[in-house]
Structure formats: structure tokens, C-alpha cells
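Please look over the sequence and the three-dimensional model before reading on. The paragraphs after it are meant to be read with the structure open alongside.

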Amino acid sequence: TTIPTNESPDQLQRIQYQKLARVVKKELESVMKPEFLNRIDDIVVFQPLSANELSLIAFIMVVDITARAKMEKNLDIQVSSELLETMVQEGSEAASQFGARPMRRAIQRILEDAISDAVVKNFLMEGDSATFGRKGAMESGGNLIVTVERERDGEVLEILIDESSRDLGTSLGDDEDEEADKSDAVAYSTNGEEFGNDNEYA
């Protein structure tokens, strides 16, 4: 029988965390000598990030990237809610184990690399404005297509993001090889012209 509750999912998660923290501290007291525990200032049991917190982290990261694009290249970048949702979903998959790191890698892999591609291919020039979005749902093969709509003429660039690099962030477990996160993206304009797959920052 399910007991009705007015608690939100985030509140229920915090209640579960508090219970877990008490169990962990009690277990430590049972296996470690008091002399050792007394030398510890505090015992902190880290709480997994909630869905709302992960969404807020993603929003802040996206704002930071668009602000840097404006400062460094004078680009006005807008991100569609669908693309933001895609990045939040991917970045949340391993958040319980790795915290906000997968979110940073997802946003770098999908948005930051797509901006770089558009600049390197000379699709976006200094002073341009563009909206980055997602083309439909995920492809049948599991790949994601990021669209870049240029405001001055309505031209759309499609960037195919290679999903083979999707799980590299969590498997590496650290930041030793930032290049491993770069996707092998192939960019196409609306007229079908292939721009190439080199993915470098301008």
C-alpha cells in the first residue's frame, strides 16, 4: 500500500539522504575506534544532485558558454529548450556517481563543440546571431543532429554528433584527456554541402 504524501520528489530525496547519513555515521561508529573518530572534525555524506539542481547547473553552464562566445567572437547564441533538455538528460545519467561532471561533458560535447564547428567551418562569422537546436528526436542509429540557424539569412547548418564519444566522460573518470570528449562531428548546410569533420577551436 502506498501512503499518500505531499512531499515533492526533491523533498523525499532529502529525507532519504538524511536517513542514509544517519546509517552511515552509525556504521562508522561501529567499525572505527572512538579515538580515531574524535580526531575527525566532521563526517560529510554527499547528497546526490536533484533534477532541479542539475537543470540549474546546466542552465548556468550554457549561459557561461554563450557569454564567452559573445566576448571572444561577438556571437549572439541562443539555445532551444529542446537542445537544453537533451543536454540535461544526457548529463543527468551518471550524476548520482559523478556529480556535475557528466553535465559539463555533455554540454561541451553537444553545444560547445557545435559552436566551434560552426565557427571553424566559417558558417558563423564575428557579429552573427544564431539559434542552436535539435533536429527532431534522436536518429534511429542513436546519433544527435544539432541545428544552427543563422539569423541574417535563415541558413541552417546541421551538425551530426558522433554518439561513440558520449560515454567517454564517465569512463575516463578525470580530466586528463580533454580531447577525448571532442565529437567527430560532420557538418552540412541546408544545401547539402559537407563542411568536413575537423573539430578545432578557432
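What follows goes from the whole chain to its core, then to the helices that pack together, and lastly to some residues in loops.

The model shown here is a predicted one. Its chain contains seven helices and six strands, and when the elements are read in sequence order they give the pattern α-α-α-β-α-α-α-β-β-β-α-β-β. Of the 202 residues in the chain, 35% are buried. Among contacts between residues with a separation of 6 or more, 59% join residues that are 24 or more positions apart.

A good place to begin is the interior, where the largest nonpolar core is made up of 29 residues. Within this core, the residues with the most contacts are Ile107, Leu111, Leu124, Phe132, Val146 and Val148. Both helices and strands take part, since at least two core residues come from each of helix H3 (51–73), helix H4 (81–92), helix H6 (101–120), strand S2 (129–134), strand S3 (144–150) and strand S4 (156–161). Helix H6 supplies the largest share, namely eight residues.

Ile107 offers a way into the packing around this core. When neighbours within four places in sequence are set aside, Ile107 is in contact with Ala58, Met61, Val62, Ile65, Met87 and Glu112. Ile107 also appears among the H6 residues that make the contact with H3, and again among the H6 residues that meet H4.

How, then, are H3 and H6 placed relative to each other, and at roughly what angle do their axes cross? The two axes come within 10 Å and cross at roughly 25 degrees, and because angles under 35 degrees count as roughly parallel, H3 is roughly parallel to H6. The crossing in which H3 passes H6 is right-handed. On the H3 side the contact is formed by Leu54, Ile57, Ala58, Met61, Val62, Ile65, Arg68 and Lys73, while H6 contributes Met103, Arg104, Ile107, Leu111, Glu112, Ile115 and Val119. Sorted by character, the residues of this contact comprise eleven nonpolar and four charged ones, with no polar residue.

H3 also packs against H4, and here the axes come within 10 Å and cross at roughly 120 degrees, so that H3 and H4 are oblique to each other. H3 passes H4, too, in a right-handed crossing. In this contact Leu54, Ser55, Ala58 and Val62 of H3 meet Leu84, Met87, Val88 and Ser92 of H4, and the residues involved divide into six nonpolar and two polar, with no charged residue.

The remaining pairing to follow is that of H4 with H6, whose axes lie 7 Å apart and which pack at an angle of about 140 degrees. These two helices are therefore oblique to each other, and their crossing is right-handed. From H4 come Leu83, Thr86, Met87, Val88, Glu90, Gly91 and Ser92, which meet Pro102, Met103, Ala106, Ile107, Arg109, Ile110 and Leu111 of H6. By character, this contact consists of nine nonpolar, three polar and two charged residues.

From the helices the reader can turn to the loops that follow them. Asn74 lies in the loop between H3 and strand S1 (76–79), and although Asn74 is not a glycine, its phi is positive, at about 55 degrees. With a relative accessible area of 31%, Asn74 is partly exposed.

The loop between H6 and S2 holds Asn122, whose phi is near 65 degrees, again a positive value in a residue other than glycine. Is Asn122 buried or exposed? At 51% relative accessibility, Asn122 counts as exposed.

Gly127 is likewise found in the loop between H6 and S2, and with a relative accessibility of 42% Gly127 counts as partly exposed. Leaving out residues up to four places away in sequence, Gly127 touches Lys73, Asn74 and Leu75, and Lys73 is itself one of the H3 residues in the contact with H6. The C-alpha atoms of Gly127 and Lys70 are separated by 8.5 Å, although the two residues are 57 residues apart along the chain.

Definitions and conventions:
Residues numbered from 1 in each chain as written. Predicted model: local features only at pLDDT ≥ 70, side-chain atom pairs only at ≥ 80, totals over all residues. Heavy atoms only, no water. Core = buried A, V, L, I, M, F, W, Y, C linked by side-chain atoms within 4.5 Å. Buried < 20%, exposed > 50% of the residue type's maximum accessible area, 1.4 Å probe, protein only. Helix = DSSP H or I, 4+ residues; strand = E, 2+ residues; numbered from the N terminus. Contact = heavy atoms within 4.5 Å. Axes fitted to C-alpha atoms, helices over the stretch in contact; angles between N-to-C directions. Parallel < 35°, antiparallel > 145°, perpendicular 65-115°, else oblique. Left-handed = near helix turned anticlockwise from the far one by under 90°. Nonpolar A, V, L, I, M, F, W, Y, C, P; charged D, E, K, R; others polar.
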